[in-house]
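Trainee: I am new to this structure, and I would like a close look at a single part of it. Could you take me slowly through one place where two helices meet, and then through what surrounds it?

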Amino acid sequence: LADPARPTFLFGSTPPRDGTTAAEAAQICAKFVARSRAHASDGFIVYDIQDESSRNAESRPFPFRRTIDPSEYAQHFPPASGKSTVLYKACSEADEAAFASWLDGAQRRNHHTLNLVGPSSSGDTPRISMERAAALVNERPGMAFGCVTIAERHLTKGTEHLNLLRKAGYGAKWFISQAVYDAEATIKLLHDYAGECRRRGCTPVKILLTFAPV
C-alpha cells in the first residue's frame, strides 16, 4: 500500500447500522465480497461514518444513523476474501487513554492498517489531536497508517499540499482522497504537492484517488 511504484485498487464499504449482530455483519460482508469478485482488487476499505453536522449547517437529505464500530465490521473481510482491509478511524476520542484503548481492540481484531481522519470541524468538542493519535499508532509495532486528503479544500484554502507534508511528517505512509468530484481540484493539488516536494527535496507519499459510482 505504501509503495508509490505499485498501483493499488481497493473497494470501500460502510459498516452496517448500529444494532447489527456479529452474524449479520458477517453475512453483509460476505455479500459485499462476493459482488466485488467481478473486479480485480487488492483489498478493501471500511469507512468510519461520523455525524458531520458541525461541518455543514444545511439539512441532510436523510437522517444520520450510527453504525457499528468499523473495526468490528472490518474483521470479517480478511477471512471472507483472503485480502487485507484498510480501516478508517476518526480521531474522536476525548483523550489518549481512550484512543489507546480503541487501538488495543483494533489489534485484538488483527487490524494493522489504519487511515486516520481528523475532526469534521475545528469547532468540534476538543478531542485527541491527529499528531498525538499518529504518535500512538507509531508506537505499536506492526501498525501503519495513512490519512485523508480533500482536493476541494485546496481550492478554497490553497494549503492542502502542506497538510499532506505535515501529516507525512507525523508518519503517514499514504493518503486516500475523498471522492473525486472536481478533476481540476485534484490535478491542482497533485501538481502543487509535487512541486513542494521538489522544492523541499523530499519524496512524495503515495496518494490513492477515490471514485464513487453515479
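Mentor: What follows begins with one pair of helices and then moves outward to the core and to other elements. Please keep in mind throughout that this is a predicted model.

The pair is helix α4, residues 96-108, and helix α5, residues 130-138, whose axes come within 10 Å and cross at roughly 40°. Because of that angle, α4 counts as oblique to α5, and the crossing of the two is right-handed. On the α4 side the residues that take part are E96, F99 and L103, and they meet R132, A133, L136 and V137 in α5. Sorted by kind, the residues of this contact divide into five nonpolar and two charged, with no polar ones. If you look at the spacing along each helix, it helps to remember that an α-helix has 3.6 residues a turn, so residues three or four places apart point the same way.

Some of these residues return when we turn to the largest nonpolar core, which has 38 residues. Those that touch the most other members are F77, F99, L103, L114, L116, V137 and F145, so that F99 and L103 of α4 and V137 of α5 belong both to the helix contact and to this group. Helix α5 gives the most to this core, with five residues. L116 is a useful place to pause, since, leaving aside its neighbours within four places in sequence, L116 is in contact with F99, A133 and V137, and also with K89, C91, M130, A134, F145, G146, C147 and V148. There is also a second, separate core of eight residues, which includes I45, Y88, V148 and I150.

I45 leads us to strand β1, residues 10-13, where L10 has its place. L10 is partly exposed, because its relative accessible area is 24%. Beyond its neighbours within four places in sequence, L10 is in contact with I45, and likewise with L1, D42, G43, F44, V86 and L208.

Helix α5 appears once more around helix α7, residues 160-170, whose buried residues are E160, H161, N163, L164, L165, K167 and Y170. What covers these buried residues includes α5, together with β5 (144-149), α6 (151-157), β6 (174-179), α8 (183-200) and β7 (206-210). Just after α7, G171 takes a positive phi of about 120°.

Methods: Residues numbered from 1 in each chain as written. Predicted model: local features only at pLDDT ≥ 70, side-chain atom pairs only at ≥ 80, totals over all residues. Heavy atoms only, no water. Axes fitted to C-alpha atoms, helices over the stretch in contact; angles between N-to-C directions. Helix = DSSP H or I, 4+ residues; strand = E, 2+ residues; numbered from the N terminus. Parallel < 35°, antiparallel > 145°, perpendicular 65-115°, else oblique. Left-handed = near helix turned anticlockwise from the far one by under 90°. Contact = heavy atoms within 4.5 Å. Nonpolar A, V, L, I, M, F, W, Y, C, P; charged D, E, K, R; others polar. Buried < 20%, exposed > 50% of the residue type's maximum accessible area, 1.4 Å probe, protein only. Core = buried A, V, L, I, M, F, W, Y, C linked by side-chain atoms within 4.5 Å.
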